[in-house]
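This report walks through selected local features of one model. Helix packing comes before the metal sites, and strand pairing comes last.

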Amino acid sequence: MSDRKNELFYKKHHLADIMDAGEKQLCEEYCSKYMNYLDAAKTERLAVKKAIELAEKYGFKPFKYGETYSAGDKIYKSVRGKALILAVIGKKNLEEGAHICAAHIDSPRIDLKQVPVMEKDEVAYFKTHYYGGIRKYQWVAIPLELHGVVVKKDGTVVDVNIGGDPADPQFMISDLLPHLASKQSQQPLSTAIKGEDLNLIIGTIPAADSEGTDRVKLNVLEILNEKYGIVEEDFLSAELEIVPAFNAREIGLDRGLIGGYGHDDRVCAFAELQAIFDIEDPEYTAVCILADKEEVGSTGITGMGSEVFECFMGDLCEQQGANMYHCFENSFCISADVTNAFDPSFPEVSEKQNNAKLNYGFGVMKFTGRAGKSGANDASAEVVGRVRKIFSEANVVWQTGEIGKVDEGGGGTVAGTLSKRNIDTIDAGVPVISMHAPYELVAKFDCYMAYKGVKAVYMEK
Ligand code: MN
Ligand code: MN
């Protein structure tokens, strides 16, 4: 009878039991590269910068309109420094389709308001407006960094990076001491810390030789003026982002997990990058998209809804005499975005049989959405079948994923913006614990399987 069970039942395996020593070694090497990338890529702009630096080492060149590309050529296009598209030209004409993987490189964080500087009772602050789905109570009383750009009135762009270098100061948003928090502690988590209260402490020392009010504000503006040559008005045209000051570390005595800020979705972004770096002579043109603005709905010029993608693909199609609409119709896309991992500490929100689990591989989600699949891409059985075939031929271990129990909540990805373009698209990603927290967890084995999965899609014949 147990033989029949073996034949008929669907089984999943812990990757520790099925990966051989050689592959476990490759997994370790891959993950140490990923951890280095994560530390250098704490914002979308930094993620693009680091990706370009790596891509150039692998022979990728900036795309130039009008230049002729042939099979094997490696190109990239920076989307205003905040998103990135890379491609390796395939042997087949683009009218036969491209193999696309799309991840996002923006992560939940806290942005500065346009008039941010404020002094209150001799403490200077930056006022903020958070970005994406954060749980506000998690962002107080932790060390924070500041990254971004300030564009001065004359057009000069100043790069600001404070807190990443060990010699730098860092920042913090304060919280109440438990001794005086009895009222705050009675409030629900969602309202105990309010958006308008997420003020970043930036100084407490008044300017020497000054009088009257706002002497601390004056001092911090002096420091910024000296370091960056900026004045308060320059914040009007600035994009400054506050991110956790945590670097990636191995977690657990067995070192099986990686803790870090922004695994969502840089863990899939890096899988795509390393995969497109490692492929040689693909049949179909391989396209790697690192999009911005997913966390706020894929909007804006650098988000996946933007026609920047048509601009790039249209240029490539034009020089091959291919019709872009037919290219899209014949293309195949993995929307590579993280999924939630089953958390044994909070089992009540997940349905175990369908939820992704740490260490069980690439999490493929036929659908996302919430409450009756609302807003879901919902890949067809044919598309799921194609992924099954690709993964089984390339020994990619994968599992199903589902964002929580039915009617518990849900989520979305860039998948909808791609399927809207008549591209067969399916969601797949690395399972994450504590998603959207300042520090998230992923399993090394799953990271490696995501890399293998994306590579297999690029190399499908
Ligand atoms: Mn995501
Ligand atoms: Mn997210």
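In this predicted model, the buried residues of H3 pack against five elements: helix H4 (44–57), strand E11 (249–251), strand E12 (257–260), H8 and helix H13 (444–459). H3 itself covers residues 21–40. Its 20 residues reach 29 Å from first C-alpha to last, close to the 28 Å expected at 1.5 Å a residue. The buried set is Glu23, Cys27, Tyr30, Cys31, Tyr34, Met35, Tyr37 and Leu38. Seen down the helix axis, these residues fall within an arc of 160 degrees, so they line one face of H3. An α-helix has 3.6 residues a turn, so residues three or four places apart point the same way. On the face turned away from the buried side sit the exposed residues Ala21 and Asn36. The N-terminal end of H3 is capped by Asp20. A side-chain oxygen of Asp20 lies 3.2 Å from the backbone nitrogen of Gly22.

**Metal sites**

The table sets out the two manganese ions.

| Ion | Donors | Distances | Spacing along the chain |
|---|---|---|---|
| Manganese ion (ligand 1) | His104 (NE2), Asp264 (OD), Asp337 (OD), Asp337 (OD) | 2.1 to 2.5 Å | H-x159-D-x72-D |
| Manganese ion (ligand 2) | Asp264 (OD), Glu295 (OE), Glu295 (OE), His436 (NE2) | 2.1 to 2.6 Å | D-x30-E-x140-H |

Which residue coordinates both ions? Asp264 does, and the manganese ion (ligand 1) and the manganese ion (ligand 2) are 3.3 Å apart.

Take the manganese ion (ligand 1), which has both Asp264 and Asp337 among its donors. Asp264 lies in helix H8 (residues 263–278), whereas Asp337 lies in the loop between strand E14 (332–336) and strand E15 (339–340), so this pair ties together parts that are 73 residues apart in sequence. Both Asp264 and Asp337 are buried.

Now the manganese ion (ligand 2), where Asp264 is joined by Glu295 and His436. Glu295 belongs to the loop between E13 and H9, while Asp264 is in helix H8, so the pair links parts 31 residues apart in sequence. Is Asp264 buried or exposed? Its relative accessible area is 3%, so Asp264 counts as buried. Glu295 has a relative accessible area of 13% and is therefore buried too.

**Two buried acidic residues**

Asp292 lies in the loop between strand E13 (285–291) and helix H9 (308–319). Why does Asp292 count as buried? Its relative accessibility is 0%, and buried means under 20%. The side chain of Asp292 makes a polar contact with the side chain of Thr302 at 2.7 Å. A second side-chain polar contact, at 3.5 Å, goes to Lys293. Leaving aside neighbours within four places in sequence, Asp292 is in contact with Glu44, Lys82, Ala83, Asp106, Tyr131, Thr302, Gly303 and Met304.

Glu460 sits in the segment after H13. With a relative accessible area of 17%, Glu460 is buried. Not counting residues up to four places away in sequence, Glu460 touches His99, Glu283, Tyr284, Arg386 and Ile390.

**Strand pairing**

How many strands form the open sheet? Nine do, in the order E1-E2-E3-E13-E4-E14-E20-E16-E18, with mixed pairing. The edges are strand E1 (61–62) and strand E18 (398–400), each of which pairs on one side only. Within this order, strand E16 (residues 362–365) and strand E20 (residues 424–429) pair in the antiparallel sense over three bridges. Met365 stands opposite Asp427 in E20.

Strand E5 (residues 109–120) runs antiparallel to strand E6 (residues 123–131), and eight bridges join the two. Val117 has Phe126 as its bridge partner in E6. Two residues lie between the strands of this hairpin, where Asp121 takes a positive phi near 50 degrees. E5 also pairs with strand E10 (residues 238–244), in the antiparallel sense and over two bridges. There Asp111 stands opposite Glu241 in E10.

How values were computed: Residues are numbered from 1 along each chain as its sequence is written. Chains are lettered from A and ligands numbered from 1 in the order in which they are written. This is a predicted model: local features need pLDDT of at least 70, side-chain atom pairs count only at pLDDT 80 or more; totals for chains, interfaces and linings use all residues. Side-chain values use heavy atoms; hydrogens and water are left out. Helices (H or I, at least four residues) and strands (E, at least two) are DSSP runs, numbered from the N terminus. Buried means under 20% relative accessible area, exposed over 50%, partly exposed in between (1.4 Å probe, protein chains only). A polar contact is a pair of N or O atoms within 3.5 Å; within protein, one must be able to donate a hydrogen and the other to accept it, and residues adjacent in sequence count only if both atoms are side-chain atoms. Contact means heavy atoms within 4.5 Å. Donors are N, O and S atoms within 2.8 Å of the metal (3.2 Å for Na, K and Ca); water is not among the atoms, so sites may look incomplete. Two strands pair if DSSP finds at least two bridges between them. The expected span of a helix is 1.5 Å times one less than its number of residues. The arc is that of the directions from the helix axis to the C-beta atoms.
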